[in-house]
Protein chains: 2
Amino acid sequence: MNITIAIDCMGGDHGPVVTVPATLAFLRSHPDAEAILVGREEELTPLVEKAQAGLKSRLHIHNATQVVGMGEPPASVRAKKDSSMRVALHLVRNGQAQAAVSAGNTGALVMISRFALKTFPGIDRPAICFALPTIKGHTYALDLGGNVECTPKHLFQFGVMGTMLASALDHNDSPTVGLLNVGAEEIKGNDLTRQAAELFRASNLNYYGYIEGDDIFKGTTDIVVCDGFVGNVALKTSEGLAKMLATFMREEFGRGPLSMLMGLAAMPVLRRFKHRANPGRYNGAVLLGLSGGVVLKSHGSADAYAFEQALARAADAVANDLIRRIRDRMETMMGANGEIA
Amino acid sequence: MNITIAIDCMGGDHGPVVTVPATLAFLRSHPDAEAILVGREEELTPLVEKAQAGLKSRLHIHNATQVVGMGEPPASVRAKKDSSMRVALHLVRNGQAQAAVSAGNTGALVMISRFALKTFPGIDRPAICFALPTIKGHTYALDLGGNVECTPKHLFQFGVMGTMLASALDHNDSPTVGLLNVGAEEIKGNDLTRQAAELFRASNLNYYGYIEGDDIFKGTTDIVVCDGFVGNVALKTSEGLAKMLATFMREEFGRGPLSMLMGLAAMPVLRRFKHRANPGRYNGAVLLGLSGGVVLKSHGSADAYAFEQALARAADAVANDLIRRIRDRMETMMGANGEIA
């Protein structure tokens, strides 16, 4: 199967110096894939000049003159009709690519995707969903920052979308859904969680109940539902902690020659651990709920390795026929009245 | 200086089997301290029988017949006039102890403390505040679960309380206050953060601006302010991640004899790292804003080592004359109209 991915090369903290080398590495490991580099042609061309002929034939540059800034407000984003982000998403809309990947402004990506690629019937907004590693395997957490203010109905729709994703990707027909809260008891939480819990209980989803922050990495449920504010803070706090612990470990192994020797002795194991715990390995969140194509959000600060992982995830999603499988699953979940049951 | 601590021995997931041994260990390392063990006499007496005479003379048992359950609703908590939690707090109120420590139900502890020990003028509710480790040192984060629904004014008061704590404990007269958000740009966030930001900007606090989740452990600001829902999720998610990484590391060092040998070789460094990263070491959150005495909240699942840390923190706070110093600082921050400026 031929997979074409449109890449917003200008997005993210680093732009083309990260996104272009990441694309070349991705094409080397995915011989069936093609890539459309979207962005300022004069910046992109020099970066691909030295690529091997075998890669160049699968690499296309699509000029886009504008760039969406990381903190740019919606009105100003909407006015940029020729931004690399919008052009990449429209390549998916027009069928020239099956997936788009961007490390740019999250709010802008959610907004433009929603207009360009539409959501499934019954789904109001796309959510940012991430397969987080757990002690048992992984859990799909959403929303991780796409929707900062949510109603109970939005949280419920996140549960539906997460269920569709898990059943489409993991062959798990009835994945468990946990609602993130400050305690497991029924009286805990705020109005939002309590009202959302009622919707979940009345549905045919496999609702587990309230879970707490530490349940995420324990892998207590297959899906973790929360509003985008809480999810974004939890995700970024985790990244910060992982970095601090890595710093502590480097410092401890750097305390004098004996400690350094011990670090050398244990290096192969420490390397395996580092690889397993590297947040970059888990880069690439799906914009879940879009019916018109696959959109992956990379971390804004991703390096080339991390951005390559996001591209690989996009290719996986296309190869797995994610959108069609979610649509099929969606239809079986819809009641006769067109409402999600 | 003589320090007496009242301990809610029945609270937490484990009760007296954890709290009593922790108290004995605490008394051994704090020769000037005394402890009042509050709880069911018949359960506590056998646990202290074998203690050395030197400890026994500094150990008192205060009978309390009731126990507050971990998920018990407020109305039912209020009816338990002889709960170990309430009795411990009233020992502080009556001056028989300077501090109380509990691993019990957080909501109940906040509610009873507020009635028994009162908040400072201008402070509506006590907040749960924790000195989290950072790459640079530590940061005071609040609220971590005491107040699940907050107004902008509450968040602002948390900033005031955090400022008082940092200036009282760290000799830092103008600590920086960061408001936890999903992005650093002014347009990011929800109504709560945007309105709270206005209050901070108009105040004489050293307001840094919005910070993101990863800024907590980076140590970007001296104080991190958030509502109790977000703070509790961030804290518990961090705990879960730390445990998962510890599991990954054990698994990697357990993969066959060679890896185990490497683990042995690096053991001294790994032990130092483990000690530094051990969440139990950082146990014990202050109920900040109370004017009548020091109250420390231990993690519900704390083991004896972790509970002992919470006791040591309580003793530190008393030895540092925390309440008086906060009161002094509070008075200098009050405007002529009795409002916090």
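**Salt bridges, symmetry and surface features of the chain A and chain B assembly**

R194(B) is partly exposed, with 29% of relative accessible area. In this predicted model, R194(B) shares helix α8 (residues 191-201) of chain B with D191(B), 3 residues away, or about one turn of the helix. The two side chains meet in a salt bridge with an N to O distance of 3.3 Å. D191(B) is likewise partly exposed, at 42% relative accessible area. R194(B) also takes part in a salt bridge with E149(A), in which the closest N and O atoms are 3.8 Å apart. This separation meets the criterion for a salt bridge because the nitrogen need only lie within 4 Å of a carboxyl oxygen.

Over all chains, the structure holds 26 salt bridges, and the count between chain B and chain A is 10. Another pair that crosses between the chains is formed by R276(B) and E251(A), whose side chains meet at 2.7 Å, N to O. R276(B) belongs to helix α12 (residues 267-277) of chain B, whereas E251(A) belongs to helix α10 (residues 228-253) of chain A. The two partners differ in accessibility class: R276(B) counts as buried at 17%, while E251(A) is partly exposed at 33%. R276(B) falls in the buried class because the limit is under 20% relative accessible area. Both residues belong to one network, in which salt bridges with shared partners join E251(A), E252(A), R255(A), R272(B) and R276(B).

The contact between the chains involves 58 residues of chain B and 58 residues of chain A. Together the two chains bury about 5,400 Å², of which 72% is on carbon and sulfur atoms. V182(B), F229(B) and R276(B) supply 12% of the area that chain B buries against chain A, more than any other three residues. R276(B) is thus named both among these contributors and in the salt-bridge network.

Chain B can be laid on chain A with an RMSD of 0.0 Å by a turn of 180° and a shift of 0.0 Å along the axis. This is the relation of a two-fold axis. In chain B, the C-alpha nearest the axis is that of A234(B), at 2.5 Å. The same surface serves both copies, in that 100% of the contact residues of chain B recur in chain A.

Within chain A, a salt bridge links D328(A) to R324(A), with 2.6 Å between the closest N and O atoms. The two residues are separated by about one helical turn, because they lie 4 residues apart in helix α14 (residues 322-333). D328(A) is partly exposed at 35% relative accessibility, as is R324(A) at 39%.

A nonpolar patch on the surface is formed by L258(A), L261(A), L264(A) and M267(A), with about 410 Å² of accessible area together. Helix α11 (residues 256-265) of chain A gives the most to this patch, with 3 residues. M267(A) is placed in helix α12 (residues 267-277) of chain A and is partly exposed at 30%.

G292(A) lies in the loop between β10 (285-288) and β11 (294-297) of chain A and is partly exposed at 36% relative accessibility. Although G292(A) and L117(A) are 175 residues apart in sequence, their C-alpha atoms are 4.4 Å apart in space. Beyond its sequence neighbours up to four places away, G292(A) touches V92(A), L117(A) and K118(A). E198(A), in helix α8 (residues 191-201) of chain A, is exposed at 52% relative accessible area.

Methods. Residues numbered from 1 in each chain as written. Chains lettered and ligands numbered in written order. Predicted model: local features only at pLDDT ≥ 70, side-chain atom pairs only at ≥ 80, totals over all residues. Heavy atoms only, no water. Patch = residues over 30% accessible without salt bridge, like charges linked within 9 Å, V, L, I, M, F, W, Y side chains within 5 Å. Areas by Shrake-Rupley, 256 points an atom, 1.4 Å probe, with all protein chains shown as cover. Buried < 20%, exposed > 50% of the residue type's maximum accessible area, 1.4 Å probe, protein only. Least-squares fit on C-alpha atoms with pLDDT ≥ 70 in both. Contact = heavy atoms within 4.5 Å. Buried area = accessible area lost by both parts, 1.4 Å probe.
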